[in-house]
Amino acid sequence: MKPIIYWAGDSTVKQNDITSYPQTGIGQGFSLYIKKGIFIDNRAENGRSSKSFIDEGILDTIAADIKEGDFLFIQFGHNDEKPDEERHTDPFGSYQENLKTYIKAATDKGAYPVLITSLYRRLFQEDNRTLVPDTHGNYPQAMLAVGKECNVPVIDLCSLSKELIEKSGPEQSKRWFMHLPANRYPNYPEGKNDNSHLTYEGCVVFSGLIAAELRKLGSVYEAILLPSDVEKENPALLVD
């Protein structure tokens, strides 16, 4: 039986539909990199933190369905930073404890948890060359520490995306995010300037970073991916 990849996360990961087009979650782009017959069950939801995702019972639905050999991709941080009581967590406290709850939900069923740090926000400084530092505070470092403690793989998308956005510069990277002119998309008649959420092209690029890191892990993580030569030929991954 082919494994299922479950996603637990927020709006940067969510499976979008026509009502929010052209916004696209990373989980959607990742489907381009996996072998046929491997299903993605994306349960990420807008605005959720590691805390609210648990409190609303969404993790429970994954725990009920996940089985041996499946994967649980865990990406939180954007909304854990928010000050409201329903979502806020402390990076080196409740956030880390929540991540361990996700890991346990997977390992209790013989599934493979993978931690993924948050996508970096596209916020350039006045020099238009470097990004504003630490757009996610201590949450990425806290996740990396949990991965090390629990011996669970961590894909540091935060650092990888920061590096790629800076390398690409403000103009090329803009097309990866929801920078939309007025009157082009019915869902956003007034346009939009959003440095957190992705277009389809952006989700393909950044999910490609995740695929590349999984390939480096080898073993079961590499086994779900298409051959690497297919990935390298994808023009969406090329940086001008």
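**From a partly exposed lysine to the nonpolar cores**

K109 is partly exposed, because its relative accessible area of 35% falls between the limits of 20% for buried and 50% for exposed residues. The model in which this residue is examined is a predicted one. K109 is located in the loop that runs between helix 4 (94-107) and strand 4. Its side chain extends to the backbone oxygen of A63, at a distance of 2.5 Å. When neighbours within four places in sequence are left aside, the residues in contact with K109 are A63, A64, I66, K67 and E68. A63 therefore appears twice in the surroundings of K109, as a contact and as the residue whose backbone oxygen is reached by the lysine side chain, a pair of atoms inside the 3.5 Å limit for a polar contact. V132 presents another picture: 23 residues separate K109 and V132 in sequence, and their C-alpha atoms lie 40 Å apart in space.

A second lysine enters the description through an aromatic ring. K162 lies over the face of Y120, and its distance from the ring centre is 5.9 Å.

Attention now turns to the interior. The largest nonpolar core contains 37 residues, and those that touch the most other members are I5, W7, F30, F73, F206, I210 and L214. Two or more residues of this core come from each of strand 1 (4-8), helix 1 (26-30), strand 3 (71-74), strand 4 (112-116), helix 6 (157-174) and helix 7 (200-217). Helix 7 gives the largest share, eight residues. F30 illustrates how these elements meet: apart from neighbours within four places in sequence, F30 is in contact with I5, W7, I40, F73, S207, I210, A211, L214 and L225. There is also a second, separate core of 24 residues, and among its members are I4, I58, L99 and L115.

G29 belongs to helix 1. This glycine is buried, because its relative accessible area is 0%, under the limit of 20%. Beyond the residues up to four places away in sequence, G29 touches C203, V204 and S207. The C-alpha atoms of G29 and Y200 are 7.2 Å apart, although these positions lie 171 residues apart along the chain.

The aromatic residues add a further layer. The whole structure contains 14 aromatic pairs. In one of them, the rings of F71 and F73 have centres 6.4 Å apart; since their planes stand at 70 degrees, the pair is edge-to-face. Both F71 and F73 are buried. F71 also pairs with Y221: the ring centres are 6.0 Å apart and the planes are at 65 degrees, so this pair too is edge-to-face. The pairing joins distant parts of the chain, with F71 in strand 3 and Y221 in helix 8 (residues 219-223), 150 residues apart. F71 has a relative accessible area of 2% and Y221 one of 13%; each therefore counts as buried, F71 as well as Y221. Ring pairs connect W7, F30, F71, F73, Y112 and Y221 into a cluster. W7, F30 and F73 from this cluster are also listed among the residues that touch the most other members of the largest core.

N42 offers a polar counterpart, placed in strand 2 (residues 39-42). This asparagine is buried, because its relative accessible area is 15%. Its side chain reaches two backbone atoms: the oxygen of V13 at 2.9 Å and the nitrogen of A44 at 3.1 Å. Not counting residues up to four places away in sequence, N42 touches W7, V13, K14, Q15, G27 and Q28.

The cysteines complete the account. How many disulfides does the structure hold? The structure holds zero disulfides. For C150, the closest cysteine sulfur is that of C158, and the distance of 20 Å is too far for a bond. The sulfur of C203 likewise has that of C158 as its closest cysteine sulfur, at 18 Å, which is too far for a bond. C150 counts as partly exposed because its relative accessibility is 29%, whereas C203 is buried, with a relative accessible area of 0%. C203 is also one of the residues touched by G29.

Conventions. Residues are numbered from 1 along each chain as its sequence is written. This is a predicted model: local features need pLDDT of at least 70, side-chain atom pairs count only at pLDDT 80 or more; totals for chains, interfaces and linings use all residues. Side-chain values use heavy atoms; hydrogens and water are left out. Helices (H or I, at least four residues) and strands (E, at least two) are DSSP runs, numbered from the N terminus. Buried means under 20% relative accessible area, exposed over 50%, partly exposed in between (1.4 Å probe, protein chains only). A polar contact is a pair of N or O atoms within 3.5 Å; within protein, one must be able to donate a hydrogen and the other to accept it, and residues adjacent in sequence count only if both atoms are side-chain atoms. Contact means heavy atoms within 4.5 Å. A disulfide is a pair of cysteine sulfur atoms within 2.5 Å. A nonpolar core is a set of buried Ala, Val, Leu, Ile, Met, Phe, Trp, Tyr and Cys residues joined through side-chain atoms within 4.5 Å. Rings of Phe, Tyr and Trp (its six-membered ring) pair if their centres lie within 6.5 Å; planes under 30 degrees apart count as stacked, over 60 as edge-to-face and the rest as tilted. A charge sits over a ring if NZ of Lys or CZ of Arg is within 6 Å of the ring centre and within 35 degrees of the ring normal.
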